[in-house]
Amino acid sequence: MSQLKRTPLYDLHVELGARLVPFAGYEMPVQYPLGVKKEHEQTRSACGLFDVSHMGQLLLRGPAPAEALETLVPADIVGLPEGIQRYALFTSEEGGILDDLMVVNAGDHLYLVVNAACQAQDIAHLREHLPEGHEIEVLDRGLLALQGPQASEVMARLCPEACEMVFMQHGHFEIDGIPLWVSRSGYTGEDGFEISVAAEQGEALARRLLVEPEVEAIGLGARDSLRLEAGLCLYGHDIDTTTTPVEGGLIWAIGKPRRHGGERPGGFPGADRILHQVETKDHARKRVGLLGEGRAPVREGAELYDAEGQLIGIVTSGGFGPSVGKPVAMGYVPVAQAELGTTVFAEVRGKRLPMVVSKTPFVAPGYYRGK
């Protein structure tokens with residue numbers, strides 16, 4: 001077995017009593033002594049600090065970086081204003097999803113954040129397919145996520161300029177003389193900030209944030225239940241190479257200029273199939289939100305059945321939603337069964353539990369979009 005990597009915050013996790021588990025090739029904290037449920041509630045009510053330094057951070061440079069990246073993603077990157085971040089998808093020639101990522105227009109270059117488990121393949125994909133003259137630089141930096149309704153109160157004391165940003169804006173700031181790249185974003189459904197910091201200064205920054213009374217360290221367990229309640233996809237689970245953006249409910253990630261009739265239609269891998277599905281709605285299945293009753297969580301891999309007992313789909317993410325007070329899940333069902341209010345049945349330990357196709361997110365988003 002290959003040696004697990006450690007983030008710049010590893011020693012701090014040990015000191016804080018984290019339970020460490022293998023995740024995407026790293027030793028990562030799944031929870032702290034507070035426990036997953038309380039960590040979840042802490043983030044929803046106050047503020048949590050997450051170590052997401054396992055994510056890949058890259059710079060894309062060249063004569064036309066936005067145009068270059070558009071050859072690999074269906075997002076509108078050319079039209080992305082400087083200092084703004086956008087969600088994007090690497091697509092395959094078959095129209096499947098190779099990874100999802102964040103892209104920032106950093107002026108004369110792009111800053112990308114990719115999933116840890118896909119980092120090596122994403123770098124290889126970029127280097128193989130980017131037009132000549134473009135280069136990828138792999139960064140050695142920490143990445144912290146400060147999330148929750150009180151995240152802005154914490155940042156107002158430490159870095160008030162960052163609080164002037166709205167959701168998906170990005171800028172360069174300092175805390176206690178530590179240079180930072182900060183975006184007003186996150187993956188919990190709450191207001192918050194993702195903070196990129198030089199690896200050697202990551203622990204100092206984390207300690208400074210944890211001193212604040214609103215902030216607690218939060219592990220991957222609560223991060224998963226928070227993003228599930230927020231209806232956010234986890235790559236390799238809710239989306240993968242077998243799902244198209246349209247099937248995955250991510251049609252909004254296909255920029256209007258990249259669609260037929262737009263300024264720069266197609267030109268990305270799998271465009272024919274994906275744009276055909278956008279226009280015709282000709283796809284067999286769809287990702288849906290599922291809301292259960294009682295307390296029994298419905299986990300990933302549970303089979304879904306219709307009222308006649310026919311197998312129709314599968315759960316791709318699931319658990320108990322502490323903020324919802326019910327089991328929540330996402331999964332794929334045929335388009336005919338994807339209407340809101342449709343009841344399907346998830347098989348759990350030999351029993352078929354009713355779940356209702358429901359809107360996502362399951363909780364109201366707290367993203368800050370300005371006053």
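Cys118 is a good place to start: in this predicted model its relative accessible area is just 5%, so the residue counts as buried. Does Cys118 have a partner, and which cysteine sulfur is closest to its own? That sulfur belongs to Cys233 and sits 13 Å away, which is too far for a bond. Cys163 tells a similar story, with the sulfur of Cys159 as its closest cysteine sulfur at 7.3 Å, again too far for a bond. A disulfide needs the two sulfur atoms within 2.5 Å, and the structure holds zero disulfides.

**The overall fold**

Let us step back to the whole chain. The secondary structure comes to eight helices and 19 strands. A compact globule of 371 residues would have a radius of gyration near 21 Å, and the protein, at 21 Å, agrees with that. The C-alpha trace spans about 65 × 50 × 50 Å along its principal axes. Of the 371 residues, 56% count as buried.

Contacts also reach along the sequence. Taking those between residues at least 6 apart, 64% join residues at least 24 apart. On the outside, the protein exposes about 16000 Å², and carbon and sulfur atoms supply 51% of this area. Its charged side chains number 34 positive and 50 negative, with the centres of the two sets 6 Å apart.

**Two buried loop residues**

Now for some individual positions. Where does Glu212 lie? Look in the loop between helix 6 (202-210) and strand 13 (215-218). With a relative accessible area of 9%, Glu212 is buried. Setting aside neighbours within four places in sequence, Glu212 is in contact with Val154, Arg157 and Leu158.

Met165 is another loop residue, placed between helix 5 (151-158) and strand 10. Met165 is buried too, as its relative accessible area is 6%. Once residues up to four places away in sequence are left out, Met165 touches His170, Gly171, Phe173, Val182, Ser183, Arg184 and Tyr368. Lys326 makes a useful distance marker: Met165 and Lys326 are 161 residues apart in sequence, and their C-alpha atoms are 34 Å apart in space.

**Backbone features worth a look**

Most residues other than glycine have a negative phi, and most peptide bonds are trans. With that in mind, here are some positions to inspect. Asp176 is not a glycine, yet has a positive phi of about 50 degrees. This residue, Asp176, lies in the loop between strand 10 (170-175) and strand 11 (178-183). Arg349 also has a positive phi, near 50 degrees, in a residue other than glycine. Arg349 is found in the loop between strand 18 (343-348) and strand 19.

Are Asp176 and Arg349 buried or exposed? Asp176 is exposed, with a relative accessible area of 58%, and Arg349 is exposed as well, at 82%.

The peptide bond from Thr360 to Pro361 is cis, its omega being near 0 degrees. Pro361 belongs to the segment after strand 19 (351-358).

**Accessibility at a glance**

The table gathers the relative accessible areas of the residues visited above.

| Residue | Relative accessible area | State |
|---|---|---|
| Cys118 | 5% | buried |
| Met165 | 6% | buried |
| Glu212 | 9% | buried |
| Asp176 | 58% | exposed |
| Arg349 | 82% | exposed |

Note on methods
Residues are numbered from 1 along each chain as its sequence is written. This is a predicted model: local features need pLDDT of at least 70, side-chain atom pairs count only at pLDDT 80 or more; totals for chains, interfaces and linings use all residues. Side-chain values use heavy atoms; hydrogens and water are left out. Buried means under 20% relative accessible area, exposed over 50%, partly exposed in between (1.4 Å probe, protein chains only). Helices (H or I, at least four residues) and strands (E, at least two) are DSSP runs, numbered from the N terminus. The radius of gyration is taken over C-alpha atoms; the globule rule is 2.2 Å times the number of residues to the power 0.38. Contact means heavy atoms within 4.5 Å. Accessible areas come from the Shrake-Rupley method with a 1.4 Å probe; for residues, only the protein chains shown count as cover. Lys and Arg count as positive and Asp and Glu as negative; His and the chain ends are not counted. The place of a charge is taken as NZ of Lys, CZ of Arg, CG of Asp or CD of Glu.
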